[in-house]
Amino acid sequence: MKTSISSGYAELSKAVAQNVIDCVKAKPDALICIAGGDTPLGVFAALVEAQNQGRVDFSRTQFLGLDEWLGLGLADKGSCREMVWHHFFDKLTLREEQICFFDGLTHDPQAECKRVDGYIEKHGPIDCIVLGIGMNGHIGFNEPGASLENTCHVIDLDPVTQTVSVKYFGTPREVKQGISLGLKTILASKKIVLMASGEKKAAIVAQTVNHPTSVEIPSTLVKTVPQANLFVDKAAASAL
Ligand code: GLP
C-alpha cells in the first residue's frame, strides 16, 4: 500500500479529491463511495469547488453512502446521511437517482441491506471508495472481528465506536447498531483511498501500516488490495 503524507488537512483533502476527480474523468458514470464522519469533510469541499470551477462533471456519476447509524436519518444532526448531504450532495447538482444511501430509519434493516446490495449489483463494483479509519480501525462500520464475507449488513457497534459517536451528535445518543457495506464489497472496489487526519489517528494509522493484515484491525485489510493508497497528513503520520 503506497502512503502519501501531506503537510496538513487542506493539502490532504485536495490530494484525495484529485483521486476522485481522476476516477470520474476516466469513467464519467463511475460509482463513487465516500464515508461519512469528519475526515472527508475537506474532500467534499474540494470536490464541490472543482465542480463549481468546471474541473469535474458529476452529471453521470453514481454516489453510494458507506454506512449509517441505525435509528438515525437525514434530520438527525451528525448522522452519516446528514453530514454527507449537508456538506456534499446538497451542494452538487445531482439527480435523486444518482444517490444511494442507507435509510437508518428503516423498520426492516434486512430489506434495506438487500436494497443496497441490489444497487451495487446493478452499478458496481465500486470504482473509487474513500474510507476514513475509526479509532479502533473500523472501516465503514466493519468493527474488529468483522467477517470478510459480509456484503451489506447490520452490526452491533463496538463500545469504542459508541463512545466516539458523541462527537457527531453534540449530545449523547443511544446508538447501538450500524448498517454498512461489508468488507467483501469494500475490498472488491477498483480503487481504495484510506484517509486519516490529525494526531488522534496517529496510533491507529501506525497499526494499520505495521500490523499484519487481520480482521481484528479491519483497516489493515486494505493492504491486501493492490489498488489501495493511504493518504494521511503529517500529524496522522507522526507514529509511523
Ligand atoms: C465513523 C463512520 C465511518 C468513518 C469512521 C471515521 O464511525 N462510521 O464511516 O469513516 O468512523 O470517522 P471520522 O472520520 O469522524 O474519524
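**Entry 1: aromatic rings**

I began with the ring pairs, and found that they link Phe-44, Phe-58, Phe-63, Trp-85, Phe-88, Phe-89 and Phe-101 into a cluster. I note here that the model I am reading is a predicted one. Over the structure I count 11 aromatic pairs. One of them joins Trp-69 and Phe-141, whose rings sit edge-to-face at 4.7 Å centre to centre, with 65° between the planes. Trp-69 belongs to strand S4 (residues 67–69) and Phe-141 to the loop between strand S6 (128–131) and strand S7 (153–156), so this pair ties together parts that lie 72 residues apart in sequence.

I then looked up how accessible these two residues are. Trp-69 has 3% relative accessibility, and it counts as buried because the cut-off for that word is under 20%. Phe-141 is likewise at 3% relative accessibility and counts as buried.

Trp-69 also pairs with Phe-169: the ring centres are 5.4 Å apart and the planes stand at 75°, so I enter this pair as edge-to-face, the angle being over 60 degrees. Since Phe-169 lies in helix H6 (residues 166–169) and Trp-69 in strand S4, the pair ties together parts that are 100 residues apart in sequence. Phe-169 is buried, as is Trp-69.

**Entry 2: cysteines**

How many disulfides does a search of the whole structure find? I find 0. To see why, I followed Cys-113, for which the closest cysteine sulfur is that of Cys-152, at 5.7 Å, and this is too far for a bond because a disulfide needs the two sulfur atoms within 2.5 Å. Read from the other side, the closest cysteine sulfur to that of Cys-152 is in Cys-113, again at 5.7 Å and too far for a bond. I also checked their exposure: Cys-113 is buried, with a relative accessible area of 3%, and Cys-152, at 9% relative accessibility, counts as buried too.

**Entry 3: the largest pocket**

I next turned to the largest pocket, which has a volume of about 370 Å³. Its lining is made of 27 residues, of which Gly-37, Ile-133, Gly-134, His-138 and Tyr-168 are the closest to the centre. Which elements each supply at least two residues of this lining? I list strand S4, helix H3 (80–87), helix H5 (159–164) and helix H6. The largest share, 3 residues, comes from H5. By residue class, I record the lining as 11 nonpolar, 11 polar and 5 charged.

**Entry 4: Lys-167**

Staying with helix H6, I looked up Lys-167, which is found there. Is Lys-167 buried, exposed or partly exposed? With a relative accessible area of 39%, Lys-167 is partly exposed, because that value falls between the 20% and 50% cut-offs. The side chain of Lys-167 makes a polar contact with the side chain of Asp-38, at 3.1 Å. I also took one longer distance: Lys-167 and Ser-214 are 47 residues apart in sequence, and their C-alpha atoms are 27 Å apart in space.

**Entry 5: a peptide bond**

Most peptide bonds are trans. I therefore made a separate note of the bond from Gly-124 to Pro-125, which is cis, with omega near 0°. As to where Pro-125 sits, I place it in the loop between helix H4 (109–123) and strand S6.

Key. Residues numbered from 1 in each chain as written. Predicted model: local features only at pLDDT ≥ 70, side-chain atom pairs only at ≥ 80, totals over all residues. Heavy atoms only, no water. Phe/Tyr/Trp six-rings, centres within 6.5 Å; stacked < 30°, edge-to-face > 60°. Helix = DSSP H or I, 4+ residues; strand = E, 2+ residues; numbered from the N terminus. Buried < 20%, exposed > 50% of the residue type's maximum accessible area, 1.4 Å probe, protein only. 1 Å grid on protein atoms, 1.4 Å probe; cavity = no way out; pocket = protein on both sides within 12 Å on 5 of 7 lines; lining within 4 Å. Points joined across faces, edges and corners; volume = space filled by probe spheres on them. Nonpolar A, V, L, I, M, F, W, Y, C, P; charged D, E, K, R; others polar. Polar contact = N/O pair within 3.5 Å; in protein donor to acceptor, adjacent residues only side chain to side chain.
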